[in-house]
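Colleague: I should like to learn how to read the features of a protein model. May we work through one together?

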Amino acid sequence: MPRPESSAEIAALYQEMILDHYRRPRNKGTLEQPDASVEMRNPLCGDEIALQVAFSGDSVCDLKFSGRGCSISQASASMMTQLVKGKSAEEIEALKKRFRDLMLGDQSAAGDEKLGSLRALSGVSRFPARVKCALLAWNALESALAGRGA
């Protein structure tokens, strides 16, 4: 498949990727024996995320989420769970910082391949009210990591 060349083609591809994660979320469900469980809600829009995390040493070995909300919050949670599985707390911290940079409009973050499919959410930075939607799952993960002394 040829690479999209115009910004309109890239935007359409990103929109489709977001909708795919919203319609067919990855890692949605619950873990039988999580090491940490966090529930968060965005009071501005009502988005909800329940995140369950299992650790192996300093790394996240598994995580699942459930919740309801807009396509941005749910797609971001789906993409995040794919990206951080198997990563250490230190690696996750670096990804979280880079994703926050992306949400604040940092154009270099939009090209950072370490963010994987999360780059599809780069357009969210133009809508400050939606940034909290995209960060909801990340805030839950941050809380889960902090709760275990990571």
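Colleague: Let us begin with a single residue: why does Asn-27 count as buried or as exposed?

Modeller: Please keep in mind that this is a predicted model. A residue is called buried when its relative accessible area is under 20%. Asn-27 has 17% relative accessibility, and therefore it counts as buried. Asn-27 sits in the loop between helix 1 and strand 1 (36-41). The phi of Asn-27 is also worth noting: it is positive, near 60°, in a residue other than glycine.

Colleague: Where else should I look for a positive phi, and which residue follows helix 3?

Modeller: Gly-105 follows helix 3, and its phi is positive, near 95°. Another case is Gly-86, just after helix 2, with a positive phi of about 90°.

Colleague: How should I read a helix, and what span should the 14 residues of helix 2 have?

Modeller: An α-helix has 3.6 residues a turn, so residues three or four places apart point the same way. As for the span, at 1.5 Å a residue the 14 residues of helix 2 should cover 20 Å, and this agrees with its end C-alpha atoms, which are 20 Å apart. Helix 3 can be checked likewise: its 15 residues should span 21 Å, in agreement with the 21 Å between its end C-alpha atoms.

Colleague: How many of the residues of helix 2 are buried?

Modeller: In helix 2, 12 of the 14 residues are buried, so the helix is largely enclosed by the rest of the structure. Among them are Ile-72, Met-79, Met-80 and Leu-83. The cover over these buried residues includes helix 1, strand 2 (48-56), strand 3 (59-68), helix 3 (89-103) and helix 5 (128-147).

Colleague: Which residues are buried in helix 3, and what covers them?

Modeller: The buried residues of helix 3 include Ile-92, Leu-95, Phe-99 and Leu-102, and also Lys-96 and Asp-101. Their cover includes strand 3, helix 2, helix 4 and helix 5.

Colleague: Finally, how is empty space found, and how much lies in the largest pocket?

Modeller: Rolling a probe the size of a water molecule over the atoms shows where empty space is left. Here the largest pocket holds about 570 Å³ of space. Helix 1 (7-23), helix 2 (71-84) and helix 4 (107-110) are the elements that each give two or more residues to its lining, and the largest share, seven residues, comes from helix 1. The lining has 25 residues, with Tyr-14, Ala-120, Ser-122, Gly-123 and Arg-126 nearest the centre of the pocket. By type, the lining comprises 12 nonpolar, nine polar and four charged residues.

Technical notes:
Residues are numbered from 1 along each chain as its sequence is written. This is a predicted model: local features need pLDDT of at least 70, side-chain atom pairs count only at pLDDT 80 or more; totals for chains, interfaces and linings use all residues. Side-chain values use heavy atoms; hydrogens and water are left out. On a 1 Å grid over the protein atoms alone, a cavity is a set of points where a 1.4 Å probe fits but cannot get out, and a pocket is an open set with protein on both sides within 12 Å along at least five of seven lines; lining residues have an atom within 4 Å of a point. Grid points are joined across faces, edges and corners, and a volume is the space filled by probe spheres set on the points. Helices (H or I, at least four residues) and strands (E, at least two) are DSSP runs, numbered from the N terminus. Ala, Val, Leu, Ile, Met, Phe, Trp, Tyr, Cys and Pro count as nonpolar, Asp, Glu, Lys and Arg as charged, and the others, Gly among them, as polar. Buried means under 20% relative accessible area, exposed over 50%, partly exposed in between (1.4 Å probe, protein chains only). The expected span of a helix is 1.5 Å times one less than its number of residues. Contact means heavy atoms within 4.5 Å.
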